[in-house]
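Visitor: I would like to learn how to read a protein structure. Could you walk me through this one, feature by feature?

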Amino acid sequence: MTKNRTADLHDTAVDVKVVLSGLWISMLFVFAYVDIFGFFRADVLRGALAGEVPGAGLVIDQTFLALATLFVLVPSLMVVVSLLAPAKLNRTANVVVGLLYAATVALLIIGETWIYYVLGSVVEVLLLLTIARVAWAWPGRSAGTRTATTVHSSSRGTAVVRSQDHPVL
């Protein structure tokens with residue numbers, strides 16, 4: 001007798017903080033790989049060797065690299081902010097940074113002719129808009145939350161009861 005194994009699966013709710021953090025990680029992977037794949041392009045290699053960003057007319061110097069590092073640090077830190085910041089700050093930061101970066105990436109593809117770059121940038125924008133949407137729709141306490149009660153034993157052997165609201169997506 002064969003048993004349908006998928007019928008026994010239970011889909012669990014994922015905390016909105018974990019969803020946001022995962023979306024930021026995915027966006028950073030796409031972001032990094034699009035830049036890494038650029039080094040297979042002769043024009044990018046020639047520009048890097050000449051100390052210039054091809055087409056943009058930017059000089060690759062300490063200022064450019066410091067600003068590029070800051071540009072990457074913000075979404076990198078959003079992974080941690082999404083997991084650790086309180087809901088109100090978390091929601092605001094994810095909406096603002098997600099929309100700001102979506103607009104920036106959309107502007108950076110203007111005039112780009114390489115398909116891999118456009119494809120990667122479109123995926124980045126979609127992930128960033130999804131981040132903003134998930135954060136905007138952050139569930140409140142009255143709708144879509146459940147309270148989990150956990151019992152822990154203290155060092156003196158007495159039970160400690162803690163309740164925590166968990167958003168349900």
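Guide: Gladly! Let us begin with a salt bridge: E112 pairs with R41, and their closest N and O atoms are 3.4 Å apart. Keep in mind that this is a predicted model.

Visitor: Where do E112 and R41 lie along the chain?

Guide: E112 sits in the loop between α4 (87-108) and α5 (115-136), and R41 in the loop between α1 (16-38) and α2 (42-50), so the pair ties together parts that are 71 residues apart in sequence.

Visitor: How many salt bridges are there?

Guide: A salt bridge needs a side-chain nitrogen of Lys or Arg within 4 Å of a carboxyl oxygen of Asp or Glu. By that rule there are two salt bridges. Besides the pair we just met, R41 also bridges to D43, with the closest N and O atoms 2.8 Å apart. R41, D43 and E112 therefore belong to one linked network.

Visitor: Is each partner in that network buried or partly exposed, and what are the values?

Guide: The general idea is to look at relative accessible area: under 20% is buried, over 50% is exposed, and partly exposed is in between. R41 has 9%, so R41 is buried. D43 has 26% and is partly exposed. E112, with 24%, is also partly exposed.

Visitor: Let us step back for the overall picture. Which secondary structure elements does the protein have, and in what order?

Guide: The protein has five helices and four strands. Reading from the N terminus, the order is α-α-β-β-α-α-α-β-β.

Visitor: And how do I read the chain as a whole?

Guide: Three overall values help here. The protein has 169 residues, and 25% of them count as buried. The exposed surface comes to about 11600 Å², with carbon and sulfur atoms supplying 67% of it. Then take the contacts with a separation of 6 or more: 60% of them join residues 24 or more positions apart.

Visitor: Which residues have the most contacts inside the largest nonpolar core?

Guide: To read a core, look for buried nonpolar residues whose side chains are joined to one another. The largest one here has 22 residues, and those with the most contacts inside it are L20, W24, M27, L128 and I131. The elements that give two or more residues to this core are α1, α3 (62-84), α4 and α5. Helix α1 gives the most, with seven residues.

Visitor: What does M27 touch, apart from its neighbours within four places in sequence?

Guide: M27 is in contact with P75, E124, L127 and L128, leaving those sequence neighbours aside.

Visitor: E124 carries a charge. What is special about its setting?

Guide: E124 lies in helix α5. It is buried yet has no salt bridge, and the nearest side chain of opposite charge, R41, is 12 Å away. Not counting residues up to four places away in sequence, E124 touches M27, V30, F31, V34 and V105.

Visitor: What about V125: which helix is it in, and is it buried or exposed?

Guide: V125 is in helix α5. At 17% relative accessibility, V125 counts as buried. Its contacts, without neighbours within four places in sequence, are A102, V105 and A106. You can also compare positions along the chain with positions in space: V125 and Y101 are 24 residues apart along the chain, while their C-alpha atoms are separated by 7.8 Å.

Visitor: Can I follow R91 in a similar way?

Guide: Yes, let us try. R91 is found in helix α4, and with 31% relative accessibility it counts as partly exposed. The C-alpha atoms of R91 and V134 are 8.7 Å apart, although 43 residues separate the two along the chain. Leaving aside neighbours within four places in sequence, R91 is in contact with A135, W136 and W138.

Visitor: Finally, which residues form the nonpolar patch on the surface?

Guide: A patch is read from the outside, by looking for residues with accessible area that lie together. Here I25, F29, Y33, I36, F37 and F40 form a nonpolar patch, with about 660 Å² of accessible area together. Take F37 as an example: its place is in helix α1, and its relative accessible area of 41% makes it partly exposed.

Key:
Residues numbered from 1 in each chain as written. Predicted model: local features only at pLDDT ≥ 70, side-chain atom pairs only at ≥ 80, totals over all residues. Heavy atoms only, no water. Buried < 20%, exposed > 50% of the residue type's maximum accessible area, 1.4 Å probe, protein only. Core = buried A, V, L, I, M, F, W, Y, C linked by side-chain atoms within 4.5 Å. Contact = heavy atoms within 4.5 Å. Patch = residues over 30% accessible without salt bridge, like charges linked within 9 Å, V, L, I, M, F, W, Y side chains within 5 Å. Areas by Shrake-Rupley, 256 points an atom, 1.4 Å probe, with all protein chains shown as cover. Lys, Arg positive; Asp, Glu negative; His and termini not counted.
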